Structure formats: C-alpha cells, structure tokens
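Visitor: I would like to go through the pockets of this model and learn what stands behind each term.

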Amino acid sequence: MRRDVVRESYSARSQEYLDLFGSIDSTHPSDQALVASWAATLTGAVLDAGCGPGQWTDFLAQRGLAVSGIDLVPQFVERARVQYPNLSFGLGAFEALDAATESMGGVLSWYSLIHHNPQDIEAPLAEFARVIRPGGGLLVGFFNGTTVEPFDHAATTGYRWPVAELSQVLVTAGFEVIETHTRTGSGYRPHGAITARRRSGKTAPEIGG
Ligand SMILES: C[S@@+](CC[C@H](N)C(=O)[O-])C[C@H]1O[C@@H](n2cnc3c(N)ncnc32)[C@H](O)[C@@H]1O
C-alpha cells in the first residue's frame with residue numbers, strides 16, 4: 001500500500017477515527033494490560049510508530065517512559081499535539097525514521113503495519129530493527145487471520161496475518177519473539193499481538209511464544 005494512499009484515506013475520515021478511537025477508553029482492557037506490562041520491561045526512549053491521535057503515546061508516557069509519536073496523517077499529529085501538549089509528535093514515515101541507530105529502548109507499532117502489503121513489510125521492520133538497541137522491545141498489534149490476506153478496512157485495504165507468519169517475519173528482521181497473544185469475540189475482529197526483542201547477533205533462533 002502506498003503511503004500517500006494510507007495518508008489520504010485516514011485524512012478523509014480523520015474525524016470519524018478520532019471520534020471512534022481517539023481515546024484510550026475505546027481500547028480493550030486486555031490490550032491496556034499487555035501494553036502496560038510490555039512498557040514495564042523497557043528503558044530509554046520509546047517510539048509510538050503510527051501513533052494516530054496519540055492515545056497510546058500518552059498511555060506509555062503515564063507509565064514513566066520517554067515516548068514520542070510519529071504518524072503519516074497531519075490531522076492525527078495535530079490532534080495529538082493539542083491533546084497531549086507535553087509530549088512530542090512528528091509527521092513521519094516508518095520507512096525513514098528520524099532516529100539514530102540503536103537509539104531506542106522500544107517501538108510500539110499498534111495496528112500501524114496493517115496496511116502494508118506483505119511484500120513491503122520488511123522495510124518498516126528493518127527501520128524498527130535499526131533504531132531499537134539490542135535487547136530493546138517491539139510490540140506489534142494486528143488483525144489476526146488464518147492466512148495472510150487483504151480485507152476491506154474502513155480506511156483502506158488492510159491485511160490479516162497469522163501469528164506464526166508475522167512472527168517469522170519479525171525473526172527474519174532481527175527480532176526474537178517473546179510472547180504472542182490472540183483474541184476473538186463478538187464485536188471484535190480477531191486480534192493478534194506479538195512482543196519481540198531486538199537480537200544482538202545475526203543468527204535467527206527458534207521462534208518462542
Ligand atoms: C489503524 S491506525 C492505528 C493508529 C494508532 N496506533 C491507534 O492504535 O489508534 C494506523 C496508523 O498507522 C499510520 N501509518 C500507516 N503506515 C505508516 C507509515 N508507513 N509511516 C507512518 N505511519 C503510518 C496511519 O497513518 C495510521 O494513523
């Protein structure tokens with residue numbers, strides 16, 4: 001998915017997104033528990049990659065982390081800056097992060113890789129792997145599925161991933177998978193989350209989980 005398509009799709013429906021998802025209160029309690037427990041493992045600077053309106057950025061800041069957010073969509077970044085004036089938000093793309101190599105203790109990518117074509121997902125993950133220091137954390141939230149497949153997302157085409165396949169992509173990108181989570185239930189699309197740690201070596205170990 002081209003970045004300009006993603007940006008324009010969310011820009012066109014930004015108010016709707018803000019109304020529906022712009023508050024941490026609209027997130028699932030078990031997601032809050034997962035992000036909070038992951039946050040407790042981190043030290044150093046943290047990036048909320050694809051922060052949208054900044055609700056998770058603020059959630060991480062409230063847990064004592066030095067966190068900033070970036071997103072493609074100007075309306076989201078503006079809203080985040082207004083809502084959370086003490087936090088730092090920037091317009092930016094995962095594929096070219098304005099951060100030094102190994103400068104981050106962690107990256108949160110909460111539903112922000114969902115529009116990447118599977119063949120394009122290596123580029124953002126390579127950037128995440130570049131900026132996260134060895135031992136630092138990555139948390140990816142995504143739409144779970146039995147196969148890698150596109151679907152009609154309200155903004156623009158989204159992709160479902162089986163946990164095992166996305167885990168393998170993370171391993172290839174330089175991460176060790178720590179935990180995987182899935183959730184199904186009425187009113188929710190099947191959800192997946194993976195926590196991973198930046199490896200220091202080059203070799204890919206077995207996937208944990
Ligand atoms: C489904 S929203 C999730 C936003 C936020 N993480 C949340 O949980 O509400 C996906 C977000 O990822 C951002 N995004 C997608 N691809 C991106 C890219 N290549 N670089 C930066 N942001 C991107 C979109 O602009 C959008 O705000």
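**Pockets and ligand**

Guide: α1, α2 (14-21) and α4 each supply at least two residues of the lining of the largest pocket, where helices (H or I, at least four residues) are DSSP runs numbered from the N terminus. The model is predicted, so local features need pLDDT of at least 70 and side-chain atom pairs count only at pLDDT 80 or more, while totals for chains, interfaces and linings use all residues. Residues are numbered from 1 along each chain as its sequence is written, and side-chain values use heavy atoms, with hydrogens and water left out.

Visitor: What makes a residue part of the lining of the largest pocket?

Guide: On a 1 Å grid over the protein atoms alone, a pocket is an open set of points where a 1.4 Å probe fits, with protein on both sides within 12 Å along at least five of seven lines, and a lining residue has an atom within 4 Å of a point. By that rule 44 residues line the largest pocket, and Y17, F21, Y111, I114 and H153 lie nearest its centre.

Visitor: How do you know that the ligand sits in the largest pocket?

Guide: A molecule sits in a pocket if more than half of its atoms lie within 2 Å of the grid points, and the ligand is therefore placed in the largest pocket.

Visitor: Why is the pair between the ligand and D71 called a polar contact?

Guide: A polar contact is a pair of N or O atoms within 3.5 Å; an oxygen atom of the ligand is 2.6 Å from an N or O atom in the side chain of D71, so the pair qualifies. A nitrogen atom of the ligand, at 3.0 Å from an N or O atom in the side chain of E95, also meets the limit.

Notes: A polar contact is a pair of N or O atoms within 3.5 Å; within protein, one must be able to donate a hydrogen and the other to accept it, and residues adjacent in sequence count only if both atoms are side-chain atoms.
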